[in-house]
Amino acid sequence: MSNLVVFNGGLMRGQSAHWKLRGATFLEEVRTAPCYRLYSIGDRYPAMLRDEVGGGSVAAELYHVPDDVWRRVANIEPPGLYRGPVELSDGRVIDGMLGEARFTLKNGMEITRYGSWAEYPYRTGTARMDKDPDDFAFELMVFGAHMRGMPRHAALSGAPYLGVYRTEAHYRIHTVRDVHPGLYRLDEGEPGGAAVEGELYRVSEALWPQVKASLPPHMEREQVVLEDLSTVAGLVFPRALAEAHPDISEHGGWRTYMAAAAR
């Protein structure tokens with residue numbers, strides 16, 4: 001990847017999270033080609049989608065971002081964004097921050113008419129403020145024995161609890177001998193999916209080996225899609241192995257299933 005990156009939100013000069021770009025070098029103010037729509041995600045940060053027909057030009061800033069600085073920036077990027085090619089008004093194509101289409105269209109409000117995040121009057125200063133770029137960590141969704149009050153929860157000791165969340169309705173969950181769940185995602189377009197409840201934690205890279213050592217055989221850390229269509233890491237299980245055990249998807253989650261089984 002190039003070390004040139006275009007930013008169009010809270011990391012720009014004068015915005016709430018600009019200080020987190022320390023170590024990067026501002027090069028110039030730029031504008032995108034007139035083929036992007038700009039969205040506000042909860043008035044906390046913007047997301048751009050390319051639209052050749054109805055798009056506009058969005059104000060942005062170009063930076064030189066060393067590899068070690070990019071690692072820190074990637075660590076604090078909010079949900080629904082990814083690094084991809086952005087076309088500028090002068091014809092250059094440079095890496096920039098774009099919105100994931102499904103997430104942005106579900107959660108965003110279009111603000112293209114303002115021309116930039118800085119000109120959008122309802123933005124707040126809360127984007128990224130909950131994450132220190134030097135604290136390398138990730139969000140982890142757990143669905144069974146690692147939840148609060150469950151046998152393996154101690155492995156998450158020291159990981160901040162972020163709340164109860166649900167996957168999008170495209171998953172199935174099975175009970176593996178009532179010891180742990182087997183969660184997997186259905187294939188694209190496959191019917192019969194369910195939304196599954198779990199708990200979200202912020203797990204540091206230093207803590208992850210302890211969590212990994214506590215996992216049952218075959219359980220892995222993979223991306224899962226939440227009901228708002230953002231993605232986080234989650235503890236999933238091979239589908240072929242899970243399907244050899246009872247399907248408990250109708251309960252909506254492990255905690256509800258275990259309560260029903262106890263009755």
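Me: Which strands are included in what covers the buried residues of α1?
Reply: In this predicted model, the buried residues of helix α1 are V69, W70, R72, V73, N75 and I76. An α-helix has 3.6 residues a turn, so residues three or four places apart point the same way. The cover over the buried residues of α1 includes β1 (4-7), β6, β7 (93-99), β9 and β13.

Me: Which strands stand at the edges of the sheet that has the order β2-β5-β1-β7-β6?
Reply: The sheet is open and consists of five strands with mixed pairing, in the order β2-β5-β1-β7-β6. One side of each edge strand is left without a neighbour in the sheet, because each has a single partner strand. Neighbouring strands here are turned by 35 degrees against each other on average, direction ignored. The strands at the edges are β2 (25-31) and β6.

Me: What is the bridge partner of R83 in β7?
Reply: Strands of a sheet pair through backbone hydrogen bonds, either parallel or antiparallel. For β6 and β7 the sense is antiparallel, and seven bridges join them. Within β7, the residue bridged to R83 is M97.

Me: By how many degrees are neighbouring strands turned against each other on average in the sheet with the order β10-β13-β9-β15-β14?
Reply: This open sheet of five strands, again with mixed pairing, is ordered β10-β13-β9-β15-β14. At its edges stand β10 (161-166) and β14 (220-225), and since each has a single partner strand, one side of each lacks a neighbour in the sheet. With direction ignored, the average turn between neighbouring strands is 40 degrees.

Me: Which residue of β13 is the bridge partner of M141?
Reply: Strand β9, residues 137-142, pairs with strand β13, residues 197-204, in the antiparallel sense and over six bridges. The partner of M141 in β13 is L200.

Me: Which element gives the largest share of the lining of the largest pocket?
Reply: The largest pocket has a volume of about 1100 Å³, and of the 41 residues that line it, E77, P79, K131, E139 and T231 are the closest to its centre. Two or more lining residues come from each of α1 (67-76), β6 (81-87), α2 (101-107), β9, β10, β13, β14 and β15 (231-236). The largest share, five residues, comes from α1.

Me: How many residues of the lining of the largest pocket are charged?
Reply: The lining of the largest pocket can be divided by residue class, with 21 residues nonpolar and six polar. The number of charged residues in this lining is 14.

Me: Is H170 buried or exposed?
Reply: H170 is found in the loop between β10 and β11 (171-176). Leaving aside residues up to four places away in sequence, H170 touches R185, L186, D187, E188, G189, E190, G193 and A194. Its relative accessible area is 11%, and because the cut-off for burial is under 20%, H170 counts as buried.

Me: What separates the C-alpha atoms of L105 and L49?
Reply: L105 lies in helix α2 and, because its relative accessibility is 55%, where exposed means over 50%, L105 counts as exposed. Not counting residues up to four places away in sequence, L105 touches Y39 and L49. Although L105 and L49 are 56 residues apart along the chain, their C-alpha atoms are separated by 9.1 Å.

Notes:
Residues are numbered from 1 along each chain as its sequence is written. This is a predicted model: local features need pLDDT of at least 70, side-chain atom pairs count only at pLDDT 80 or more; totals for chains, interfaces and linings use all residues. Side-chain values use heavy atoms; hydrogens and water are left out. Two strands pair if DSSP finds at least two bridges between them. Helices (H or I, at least four residues) and strands (E, at least two) are DSSP runs, numbered from the N terminus. Axes are lines fitted to C-alpha atoms, for helices over the stretch in contact, and angles run from 0 to 180 degrees between N-to-C directions. On a 1 Å grid over the protein atoms alone, a cavity is a set of points where a 1.4 Å probe fits but cannot get out, and a pocket is an open set with protein on both sides within 12 Å along at least five of seven lines; lining residues have an atom within 4 Å of a point. Grid points are joined across faces, edges and corners, and a volume is the space filled by probe spheres set on the points. Ala, Val, Leu, Ile, Met, Phe, Trp, Tyr, Cys and Pro count as nonpolar, Asp, Glu, Lys and Arg as charged, and the others, Gly among them, as polar. Buried means under 20% relative accessible area, exposed over 50%, partly exposed in between (1.4 Å probe, protein chains only). Contact means heavy atoms within 4.5 Å.
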